[in-house]
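Me: Please examine the following model with me, taking one question at a time. I should like each reply to set out its reasoning before it names the result.

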Amino acid sequence: MNSVSPSAVQYVGGVMQDELVETRRQQQQQPLERQGSFGPRPAQAPDPGREATGEPDEMDKLKAKLMTAWNNVKYGWTVKSKTSFNKISPVTVLGHSYLLNNEDEVERFRLAFVSRIWLTYRREFPQLEGSTWTTDCGWGCMLRSGQMLLAQGLLVHLMPRDWAWPDVQQLTEVDFEVFRPRSPARAGGVPIPSFGSPRGSNTPEKSLTSYQAPKCSQRKRPESVRDRQAEPIHHKLLTWFGDLPPAPFGLHQLVEIGKGSGKKAGDWYGPSIVAHILRKAVAKTSVLHNLAVYVAQDCTVYKEDVVHLCDLSLGQTPSDPFSQAWKSIIILVPVRLGGEALNPSYIECVKNILKLDCCIGIIGGKPKHSLYFVGFQDEQLLYLDPHYCQPVVDVSQVNFSLESFHCSSPKKMPFTRMDPSCTIGFYAKNKKDFESLCSAVSVALSSSKEKYPIFTFVEGQGQDYGLEGHSSNHVGPAAHILPPGNLSMDNNRRSSDEFVFL
């Protein structure tokens with residue numbers, strides 16, 4: 001089935017459904033502990049002979065072909081629906097706010113959103129090693145969300161400050177409207193509900209007029225020449241995420257790294273395990289020498305562990321006492337913001353985190369449906385959705401098209417639908433930025449109404465608290481998440497997607 005143009009793409013709403021009736025029947029028979037927040041793992045009977053060779057049997061090949069054909073159809077088309085934005089309420093995108101009540105602000109928002117890297121399901125890529133998969137449709141959404149999170153970190157790391165894609169597309173399928181309160185009482189400080197709320201007696205009235213996104217102004221932005229000069233870096237960055245085996249952050253490499261954590265092609269991945277896969281991918285590659293990834297342990301960022309990752313002068317001789325060598329750092333914090341559903345007490349805290357310049361986004365989504373959150377307006381999150389199947393792009397070609405790697409259709413969903421299991425990302429370019437990050441994030445975390453913060457920063461190293469086996473440089477399974485102050489733990493626990501219920 002032919003894909004529609006990415007410039008007009010709209011997302012399929014709703015939650016991912018089981019792909020095949022037989023798969024659904026098998027999943028219902030699985031033990032409860034084999035199921036995760038983002039969907040059950042397909043059950044497969046062990047075959048010692050096949051496991052020894054690492055090759056799929058004929059039944060697996062047939063099942064993969066059937067699921068591939070079904071998913072290519074399911075995610076290869078979309079239902080068009082407009083997203084409405086409130087003109088009198090600011091929309092936040094990764095630390096920047098825009099009040100969409102004039103053409104200049106809409107233009108700034110357009111540049112900010114469409115310039116983000118969008119990585120989606122792909123089909124017809126080279127077969128994943130040890131499997132028959134040539135597409136990740138139906139199972140790779142969290143890996144794609146993780147790729148988008150890492151790509152944003154690399155954009156901030158490599159591109160000029162406030163870089164925007166010079167060839168950014170026009171926004172599609174959006175409305176900018178005024179939602180006015182019905183009564184003076186609501187206008188006196190009660191938040192205005194957002195566009196996704198069901199209409200009812202308490203829903204603000206929509207103005208009689210709405211306008212489409214204005215066309216881009218023809219005048220040149222002062223920074224456009226600088227942005228154009230940065231395009232070779234933009235191209236190079238996207239090649240690192242290509243769906244080819246050599247690509248350091250491509251699906252082939254991430255799936256291969258995931259095997260060390262017991263995952264394989266066709267499995268669903270949680271946001272915590274993806275954080276550790278990204279860390280290992282960055283540590284493994286030779287394309288980046290001045291960037292490290294740290295994954296928080298037990299909802300705690302240990303500052304000295306970060307320093308040991310970043311401060312290159314620690315390994316230098318005393319003859320160079322004035323060296324300021326410091327690796328840039330991406331900090332990934334796996335958390336769980338509630339039990340079965342999001343704890344509403346954390347919504348304000350999540351908003352404050354997304355307002356920070358140092359935040360590079362949140363990977364999570366809604367149950368069984370991974371998304372990459374980049375901002376919010378009122379009580380709705382703004383996201384990029386990987387659930388759209390596109391043909392593979394051969395990034396080894398010199399002038400491959402960039403259009404399918406950028407999305408022009410912003411989408412929103414209520415905070416209340418957010419799955420509590422997620423990973424939050426931050427970036428610091430140098431030591432001063434890291435210290436500022438710790439301070440700013442701590443202030444944002446203090447806005448929570450709960451007794452315990454989502455996570456904390458502490459002095460010292462993880463090993464000071466009996467966590468020698470769970471260093472961010474450790475290649476084993478991720479640490480089990482425990483509340484701050486209760487760091488005695490069972491080192492035999494292996495699940496990287498278990499968290500304390502805050």
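Me: What share of the contacts in the protein with a separation of 6 or more comes from residues 24 or more positions apart?
Reply: This is a predicted model, in which local features need pLDDT of at least 70 and side-chain atom pairs count only at pLDDT 80 or more, while totals for chains, interfaces and linings use all residues. Residues are numbered from 1 along each chain as its sequence is written, and side-chain values use heavy atoms, with hydrogens and water left out. A contact means heavy atoms within 4.5 Å. Among contacts with a separation of 6 or more, the share from residues 24 or more positions apart is 76%.

Me: How many helices and strands does the protein have?
Reply: Both kinds of element are DSSP runs numbered from the N terminus: helices are H or I runs of at least four residues, and strands are E runs of at least two. On that basis the protein has 13 helices and 18 strands.

Me: What percentage of the 502 residues is buried?
Reply: With a 1.4 Å probe and protein chains only, buried means under 20% relative accessible area, exposed means over 50%, and partly exposed lies in between. Applied to the 502 residues of the protein, the buried share is 55%.

Me: Which helix gives the most residues to the largest nonpolar core?
Reply: A nonpolar core is a set of buried Ala, Val, Leu, Ile, Met, Phe, Trp, Tyr and Cys residues joined through side-chain atoms within 4.5 Å. The largest has 75 residues, and those touching the most other members include Phe 109, Trp 139, Leu 143 and Phe 241. Eight residues of this core come from its main contributor, helix 5 (residues 141–158).

Me: How many residues are in the second, separate core?
Reply: This second core is separate from the largest one and includes Val 306, Val 333, Phe 426 and Leu 445. Its membership comes to 47 residues.

Me: How far apart are the end C-alpha atoms of helix 5?
Reply: Helix 5 is mostly covered, with 16 of its 18 residues buried. The expected span of a helix is 1.5 Å times one less than its number of residues, so helix 5 should span 26 Å. The model agrees with that expectation, as the end C-alpha atoms are separated by 25 Å.

Me: Why do the buried residues of helix 11 line one face?
Reply: In helix 11 (residues 303–310), the buried residues are Asp 305, Val 306, Leu 309 and Cys 310. Their cover includes strand 9 (291–295), strand 10 (300–302), strand 11 (328–336) and helix 13 (431–445). An α-helix has 3.6 residues a turn, so residues three or four places apart point the same way. Taking the directions from the helix axis to the C-beta atoms, the buried residues of helix 11 line one face because they fall within an arc of 125°.

Me: Which residues does Leu 238 touch, not counting residues up to four places away in sequence?
Reply: Leu 238 is in helix 8 and is buried, with a relative accessible area of 0%. Its C-alpha atom is 7.6 Å from that of Val 395, although 157 residues separate the two along the chain. With residues up to four places away left out, Leu 238 touches Ile 117, Val 395, Phe 400, Leu 402 and Phe 405.

Me: Is His 234 buried or exposed?
Reply: His 234 lies in helix 8 (residues 231–239). Leaving aside neighbours within four places in sequence, its contacts include Ile 117, Met 159, Trp 163 and His 406. At a relative accessible area of 0%, His 234 is buried.

Me: How many disulfides are there?
Reply: A disulfide is counted where a pair of cysteine sulfur atoms lies within 2.5 Å. The sulfur of Cys 438 is 9.1 Å from the closest cysteine sulfur, in Cys 358, and so too far for a bond. Cys 438 is itself buried, at 4% relative accessible area. By this rule the count of disulfides is zero.

Me: What is the phi of Cys 299?
Reply: Cys 299 is found in the loop between strand 9 and strand 10, and at 3% relative accessibility this cysteine counts as buried. Although Cys 299 is not a glycine, its phi is positive, at about 55°.
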